[in-house]
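Here are my notes on the model you sent over. I've kept them as numbered points so you can check each one against the coordinates.

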Amino acid sequence: MKSSITKYILGGAVVAIVAGYAIFNANNGANAGSSGLPSSLPSETSSPTAASSTAVAAPTSGQYKDGNYTGSVADAFYGKVQVAVAIKSGRITNVAFPVYPNNPGHTIQESETQLPVLAQEAIAAQSANVNIVSGATQTSQAFQQSLASALAKAQ
Amino acid sequence: MKETRILMGMPISVEIVDARRGGTTEETRRAATIEATFAHFAHIDETFSTYKDTSEISAINAGRLPRKEWSPEMEVVFALSEETKRATGGYFDIKRPDGTYDPSGLVKGWAIWNAAQLIMKKGFSDFYVDAGGDIQAHGVNGEGDPWSVGIRNPWDIRENVQVIRAAHHEGIATSGTYIRGTHIYDPHTGAAADAIVSLTVIGPNIYEADRFATAAFAMGSDAIRFIGSLPGFEGYMIDAQRTATKTAGWDAYRITDAA
């Protein structure tokens, strides 16, 4: 199973991606847009985004009043989540979490076991500063609910 | 210059730094490029959102749009989806059990990658695009260092459990069960894939990282072995017991915690 997957990747990936991008590039050429993207981009004042039943209205630049706004507390499966947004010059400048799930005091014990190609460790909080965060939390329903209520106050 | 907007149901952030060139003209150019980047995402949303009745994908799913009338972009996404399905042994499939299509698992990474291409074509080299925690970074940050990326703790969203550097234009994508509940299904069994809580993939770009993260997640605990088998990819998988399993080359990206 695994070896067949690898063969597929080595064999098929390049061919299809090249084909796909060729089609996409041909499209760009036809449109001759300076941005390299289809020229039929919608205007900035797009309609609200209905991403789910708890959708957040799509903000465009400059539509909010300046200030800090805190959303309602929403339920995530792992606890309560609350979102706060900072607005400056009508634009969102920061998204923060004033309320976050309690961390149920798990013990951190680095116990690295070497496996042939994989290694294991207990997860542990890192203190290093970061520019960007990778995670799935920002698309959770609880996040969107609280964010929507914070942005509603900023209208 | 950084800006965040809510599009496609998630916060999308674009930051362009340019320490080497300054001035009012440069500032205006950065602002215009960020505006064009958000317009690109808005257009992708209008075309591919399954939540919008007016989108092209909704028209296709409702049987309102014959194939000969599909946009070239839609054809590209379907071709890439078909290729990804083959490359993952069927674990990635945009066809849902009811016969409709949901290409969002591929469109997001593809849209981020195209956004990065757009910014590069405008002549910028130091920037990142972050759409709901999936990231394409390029060049260096405002301090001239490689962009640093935290991997969020699934149980405490203020905490990072890893910090890595993206020094060579890598894409970084995380799939998790905490996205809209359990949202990824094993297409072979129809069962929810719940053996793992979070899977972060570092790939040569965000399109590659995101599609393989999505597919691998559906494999459950085999996910990390699959990622480890791909040349040029590294992964960090967290299971419900709070144990992380990482590929052999992961630690080369890691910024060691000084604490």
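1. Start with the charged cluster: Glu121(A), Lys246(B), Asp251(B) and Arg254(B) are linked in a network of salt bridges. A salt bridge here is a side-chain nitrogen of Lys or Arg within 4 Å of a carboxyl oxygen of Asp or Glu. One link in the network joins Asp251(B) to Lys246(B), with the closest N and O atoms 3.0 Å apart. Lys246(B) is buried at 1% relative accessibility, while Asp251(B) is partly exposed at 36%. (Buried means under 20% relative accessible area, exposed over 50%, partly exposed in between, with a 1.4 Å probe and protein chains only.)

2. Before you go further, the ground rules. This is a predicted model, where local features need pLDDT of at least 70 and side-chain atom pairs count only at pLDDT 80 or more, though totals for chains, interfaces and linings use all residues. Residues are numbered from 1 along each chain as its sequence is written, chains are lettered from A and ligands numbered from 1 in the order in which they are written, and side-chain values use heavy atoms, leaving out hydrogens and water.

3. Over all chains the structure holds 16 salt bridges. Among them, Lys68(B) pairs with Glu69(B) at 3.8 Å between the closest N and O atoms; Lys68(B) is exposed at 73% and Glu69(B) partly exposed at 47%. Another joins Asp102(B) and Arg96(B), N to O 3.8 Å, and here Asp102(B) is partly exposed at 23%, as is Arg96(B) at 31%.

4. Now the packing. The largest nonpolar core (buried Ala, Val, Leu, Ile, Met, Phe, Trp, Tyr and Cys residues joined through side-chain atoms within 4.5 Å) has 60 residues, and those touching the most other members include Ile12(B), Trp110(B) and Leu199(B). Helix α4 of chain B, residues 104-121, gives the largest share, 10 residues. Apart from this core lies another of 20 residues, among them Tyr128(B) and Trp250(B).

5. Worth a look on its own is α4(B) (helices are DSSP runs of H or I, at least four residues, numbered from the N terminus). Of its 18 residues, 13 are buried. From first C-alpha to last, α4(B) reaches 25 Å, close to the expected 26 Å, which is 1.5 Å times one less than the number of residues. Gly123(B), which follows α4(B), has a positive phi, near 95 degrees.

6. Last, Ser221(B) sits in the loop between α5 (206-217) and α6 (223-229) of chain B. Ser221(B) is partly exposed, at 46%.

Technical notes:
Helix = DSSP H or I, 4+ residues; strand = E, 2+ residues; numbered from the N terminus.
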